[in-house]
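Biologist: Please take a close look at the sheet in this model. I want its strands, their partners and what packs against them.

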Amino acid sequence: DKTQSRYVCCVNPNTQKRESALGHMLTMKQLKGSGIVSAALMSRSIYPSKLSHAKVVERYGILNEDNGKIVYPDVESECEDICKRMLKRFETTKNNRNIVRSTTRSEFAIGRTQAYFSSEFLDFLGSERSKRLREEDDASIDSWVYCSSKDYV
């Protein structure tokens with residue numbers, strides 16, 4: 001079984017023990033001292049972009065070569081599959097361009113409800129999506145031109 005570690009940090013909101021009162025300086029001092037602010041900033045610098053699983057599938061599902069062939073149990077599985085397939089293409093593209101970069105971290109991370117992306121990987125997904133949409137537009141224009149030349153329109 002998979003285990004997940006969770007870190008619980010209790011923060012005292014005020015020194016007067018009053019309900020609905022928040023001492024901003026006290027709270028920030030506790031958060032900084034516990035390392036939560038540093039962890040959040042580091043996480044944001046590694047994965048500055050995030051999208052819900054459904055948004056990834058909606059936006060980048062067009063890049064899935066097996067679209068319609070595979071039945072996924074849930075949207076999280078489909079999101080992860082799309083990202084993994086595109087990561088292979090991304091790595092190949094980087095290698096073909098002789099781009100050397102540390103591969104000690106992943107270009108994306110799949111959370112419970114969101115997918116997190118490095119800027120470079122999200123840019124790559126966007127450019128691949130644009131290429132695919134142009135290919136589909138060109139194909140539909142070609143078929144329209146063919147049909148109109150045969151008086152099918």
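Modeller: Start with the pairing of two strands. β1 and β3 (residues 114–117) run antiparallel, joined by four bridges. Two residue pairs show the register. K50 stands opposite Y116 of β3. L51 has A115 in β3 as its bridge partner.

Now the other side of β3. β2 pairs with β3, also in the antiparallel sense, over three bridges. A109 stands opposite Y116 in β3. Y116 thus faces K50 and A109. A hairpin of three residues links β2 to β3.

Put together, the three strands make an open sheet, ordered β1-β3-β2, with antiparallel pairing. The edges are β1 (49–52) and β2 (108–110), each pairing on one side only. Neighbouring strands are turned by 20° against each other on average, direction ignored.

Next, what packs on the sheet. Helix α3, residues 53–60, does so and touches β1, β2 and β3. The direction of α3 makes about 90° with that of β1. The two faces of β3 differ in cover. A115 and F117 lie on the covered face. Q114 and Y116 lie on the uncovered one. So the bridge partner of L51, A115, is on the covered face, while Y116, opposite K50, is on the uncovered face.

Now the setting. The protein has five helices and three strands. From the N terminus, the order of elements is α-α-β-α-α-β-β-α. Of the contacts with a separation of 6 or more, 56% join residues 24 or more positions apart. Buried residues are 22% of the 153 in the protein. The exposed area is about 11,400 Å², and carbon and sulfur atoms supply 52% of it.

A word on confidence. This is a predicted model. The average pLDDT is 78, and 77% of the residues score at least 70. α3, the helix on the sheet, belongs to the best part: confidence is highest there, at 89. Helix α5 (residues 119–149) has the lowest, at a mean of 76. Residues 99–104 need care, with pLDDT below 50. That stretch has five contacts in the model beyond near neighbours in sequence.

Key
Residues numbered from 1 in each chain as written. Predicted model: local features only at pLDDT ≥ 70, side-chain atom pairs only at ≥ 80, totals over all residues. Heavy atoms only, no water. Pairing = 2+ DSSP bridges. Axes fitted to C-alpha atoms, helices over the stretch in contact; angles between N-to-C directions. Contact = heavy atoms within 4.5 Å. pLDDT = per-residue confidence, 0-100. Buried < 20%, exposed > 50% of the residue type's maximum accessible area, 1.4 Å probe, protein only. Areas by Shrake-Rupley, 256 points an atom, 1.4 Å probe, with all protein chains shown as cover.
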